[in-house]
Amino acid sequence: MTMQRKLERNLLRFSASWDICIGLITMFAYYPWFEEQGITAFQQVGRYDYLNSSLVGMISKVVMIVALATILIGIISWINAASMKNNKIEKRIIYWLLACVVIHLLIYDVIGIILYLVTFVIYNSRNKALKMLKAKNSYS
């Protein structure tokens, strides 16, 4: 009997797609809006000088880095989903899913946390079932 990983693959692909979409939205919608709003806010209070504009620029760069990192996480997750093997417990997948949950906790992406956490739980529950099946077959 083989332990298929179709559900885990599909959940990981969906999570990867979510990351790529969120990264692109952050890069092309939120980043320009944030820069514009930051500069406008400093202009309204009459404090638009080099220090304030560089502060907005630095924070905007952090937003762009988070967007690029989120896209990279999505690409790596997609590759991991494609390389996931049936009937095998892969520690790298477990560690990757845990890392994704922690990263999404840090960037406050609730949907990403839920997606990766559900994938992690299902992957580990199937791992436990696979271990039990192998133990049962080795005693038979």
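So, valine 66: it comes out partly exposed, at 34% relative accessibility. Keep in mind that this is a predicted model. Valine 66 is found in helix H2, and one of the residues touching it is isoleucine 107.

Let's follow that contact. Isoleucine 107 lies in the loop between helix H3, residues 91-106, and helix H4, residues 110-139. Leaving out residues up to four places away in sequence, isoleucine 107 touches Val66 and Thr70. At 32% relative accessibility, isoleucine 107 counts as partly exposed too. And if you look along the chain to valine 121, 14 residues apart from isoleucine 107, the two C-alpha atoms are separated by 21 Å.

Now, both Val66 and Ile107 belong to a nonpolar patch on the surface. The other members are Val62, Val102, Ile103 and Leu106, and together the patch has about 480 Å² of accessible area. Helix H2, residues 50-83, and H3 are the elements that give two or more residues to it. H3 has the largest share, with 3 residues.

Okay, cysteines. How many disulfides does a search of the whole structure find? The count is 0. Why is cysteine 21 not bonded to cysteine 100? The closest cysteine sulfur to that of cysteine 21 is the one in cysteine 100, and at 16 Å that's too far for a bond; the cut-off for a disulfide is within 2.5 Å. From the other side, cysteine 100 is in no disulfide either, with the sulfur of cysteine 21 as its nearest.

As for their surroundings, cysteine 21 is partly exposed, with a relative accessible area of 44%, whereas cysteine 100 is buried, at 0% relative accessibility.

Technical notes: Residues numbered from 1 in each chain as written. Predicted model: local features only at pLDDT ≥ 70, side-chain atom pairs only at ≥ 80, totals over all residues. Heavy atoms only, no water. Helix = DSSP H or I, 4+ residues; strand = E, 2+ residues; numbered from the N terminus. Buried < 20%, exposed > 50% of the residue type's maximum accessible area, 1.4 Å probe, protein only. Contact = heavy atoms within 4.5 Å. Patch = residues over 30% accessible without salt bridge, like charges linked within 9 Å, V, L, I, M, F, W, Y side chains within 5 Å. Areas by Shrake-Rupley, 256 points an atom, 1.4 Å probe, with all protein chains shown as cover. Salt bridge = Lys/Arg side-chain N within 4 Å of Asp/Glu carboxyl O.
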